[in-house]
Amino acid sequence: MATATDRTPLLENGNGAEPPKPFYRRLATTLSAEGQPSWWQSYKFFFFGSYVNVLLLFVPLSFLSHFLDWDAALRFSFSFVAIMPLAALLGTATDQLSLKLGQTLSGLLNASFGNAVEIIVGIAALLQGELRIVQTSLLGSILSNLLLVLGCSFLAGGLTVRESNFQVTAAQASSSLMTLTCITLVIPAAYHSAKAHTGGLEGGANLTSIPAIISQLDPKLELGLDAGSAHGLKIISRGTAILLLFVYVAYLIFQLKTHAYLYVAEAQDEEEEEPKMSVPAAGSALLLVTLITSFCADYLVGSIEETAERYSIPKPFIGLILLPIVANAAEHVTSVWMAMKNKMELTIGICVGSSIQIAAFVVPLLVIVGWITHHDLTLFFADFETIVLFVSVLLVNFLIQDGKSNYMEGLMLVTLYLVIALAFWVS
């Protein structure tokens, strides 16, 4: 570095100082990503880095089945399978971007794209007026993460290590927020039940689905309520959605800034992971896969109604059990793998953290999107679904409050999930 003298310019462009590069030069430098993997190396890793990507062959089949109007079961099946590797690719691109963006930005990126598939499927169903699919798929994703993924992780971890330990304070903070979001779903159900009773609806509290309520009422009534009560339910839902988004932002600050030490594992012996993709390549891949996923999700949702009617599959079962499998397949594998390596902080972060993202971010976001697009999505879930969520959150709270896990706790969680799946199959 040259020594500063009295003739050294204070500002650039003076006395021979190098002028700033034009915009196109700076853009070219950014896109070239010097010192990072090339575009070819990045995309080679992206598409050929996992055996799961073989399932990408179903993406063109999904498009073909839609445009050629094949049987509904084929359209549903092809789109269903196609979204699995796309969800994994979304996770890969997000992870590769996170390696270069620092803790705060990577945390925000994961918060935004961590449940991108749920958001895409939810918006596709919302715009097609499939409000029950939106609700059941989001509820199913929460239950899948809390019971199936966490249960399988505890089960797999318990078979390799007799007892695993994790940070109690962070786990309790996360489970408390999950309890809060669960309560915010109980309140609209309680409001609906109270208003339905005062309206003189016969057996209103015992009905377990919105279509069942509407079928016994005057078709002019909305959600089984008079106009004033239905409007009140919308106000409760939209106000709660805005408040939940504020709470979620506070949770991100808590997790990433003020109390970040609670979410860091005690042992940090592993070497820092080297990025396999450049930042421009990972960013472009993220946008490309998000776009393709939105089309596949649209085709998937569009085939649900016909598939359910033709093959006698209950729509709540499709939304609650089948759709979350698509979105959570990659998370499921990662969580179980981390548990087998005795990294329970990461497992809890994946399972409970993902459930919080859906309950405190995705659900309120879709309520507000529905508000903007004039699709009246509310936080009123059917009584049966609300009770199922409440007991699930209660069981998870009981099991993680001691900061230890074993295979027996995992077996309990998986058993409850199977009971719920059975109940929704016969519903």
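The exercises below, each with a worked solution, concern a predicted model.

**Exercise 1. Overall make-up**

Task: State how many helices and strands the protein chain has, and what share of its residues count as buried.

Solution: Begin with the secondary structure: the protein chain holds 14 helices and 2 strands. Next take burial: 46% of the 427 residues count as buried. The surface can then be added: about 21400 Å² is exposed, with 65% of that supplied by carbon and sulfur atoms. Last come the contacts between residues at least 6 apart in sequence: 83% of them join residues at least 24 apart.

**Exercise 2. Leu389**

Task: Decide whether Leu389 is buried or exposed, and find which residues beyond four places in sequence it touches.

Solution: Locate the residue first: Leu389 sits in helix α13, which covers residues 383-400. Its relative accessibility is 3%, and the limit for a buried residue is under 20%, so Leu389 counts as buried. Then list its contacts, leaving out residues up to four places away in sequence: Leu389 touches Leu139, Ile142, Leu143, Cys182 and Leu185. Finally, compare sequence and space for one pair: Leu389 and Ile183 are separated by 206 residues in sequence, while their C-alpha atoms are 9.7 Å apart.

**Exercise 3. Arg75**

Task: Determine which side chain makes a polar contact with the side chain of Arg75.

Solution: Arg75 belongs to helix α4, residues 72-113. With a relative accessible area of 11%, Arg75 is buried. Its contacts, setting aside neighbours within four places in sequence, are Ser65, His66, Asp69, Trp70, Gly302, Ser303 and Glu306. Of these, Glu306 provides the polar contact, side chain to side chain, at 3.0 Å.

**Exercise 4. Aromatic pairs**

Task: Classify the geometry of the ring pair Phe58 and Phe78, then that of Trp70 and Phe78.

Solution: The whole structure contains 16 aromatic pairs. For Phe58 and Phe78, the ring centres are 6.0 Å apart and the planes meet at 45°; this angle lies neither under 30 degrees nor over 60, so the pair is tilted. The two residues are 20 apart in sequence and link distant parts of the chain, with Phe58 in helix α3 (residues 58-67) and Phe78 in helix α4. Phe58 is partly exposed at 25% relative accessibility, whereas Phe78 is buried at 15%. Phe78 also pairs with Trp70: the centres are 6.3 Å apart and the planes are at 70°, which makes the pair edge-to-face. Trp70 has a relative accessibility of 31% and counts as partly exposed. Elsewhere, ring pairs join Trp39, Tyr43, Phe46 and Phe47 into a cluster.

**Exercise 5. The largest cavity**

Task: Find which elements give two or more residues to the lining of the largest cavity.

Solution: A search of the whole structure returns 3 cavities of 30 Å³ or more. The largest cavity has a volume of about 80 Å³. Its lining consists of Val117, Glu118, Val121, Gly122, Ser137, Leu138, Ser141, Leu300, Leu323, Pro324, Val326 and Ala327. Assigning these residues to elements gives α5 (116-127), α6 (131-160) and α11 (315-340) as those with two or more lining residues.

**Exercise 6. Two glutamines**

Task: For Gln135 and Gln172, identify which backbone oxygen lies by a polar atom of each side chain.

Solution: Take Gln135 first. Gln135 lies in helix α6 and is buried, with a relative accessible area of 4%. A polar atom of its side chain is 2.9 Å from the backbone oxygen of Phe380.

Now take Gln172. Gln172 is placed in helix α7, residues 168-198. Its relative accessible area is 35%, which falls between the 20% and 50% limits, so Gln172 is partly exposed. A polar atom of the Gln172 side chain is 3.3 Å from the backbone oxygen of Gln401. The C-alpha atoms of Gln172 and Gly403 are 8.9 Å apart, although 231 residues separate the two in sequence.

Terms used. Residues numbered from 1 in each chain as written. Heavy atoms only, no water. Helix = DSSP H or I, 4+ residues; strand = E, 2+ residues; numbered from the N terminus. Buried < 20%, exposed > 50% of the residue type's maximum accessible area, 1.4 Å probe, protein only. Contact = heavy atoms within 4.5 Å. Polar contact = N/O pair within 3.5 Å; in protein donor to acceptor, adjacent residues only side chain to side chain. Phe/Tyr/Trp six-rings, centres within 6.5 Å; stacked < 30°, edge-to-face > 60°. Areas by Shrake-Rupley, 256 points an atom, 1.4 Å probe, with all protein chains shown as cover. 1 Å grid on protein atoms, 1.4 Å probe; cavity = no way out; pocket = protein on both sides within 12 Å on 5 of 7 lines; lining within 4 Å. Points joined across faces, edges and corners; volume = space filled by probe spheres on them.
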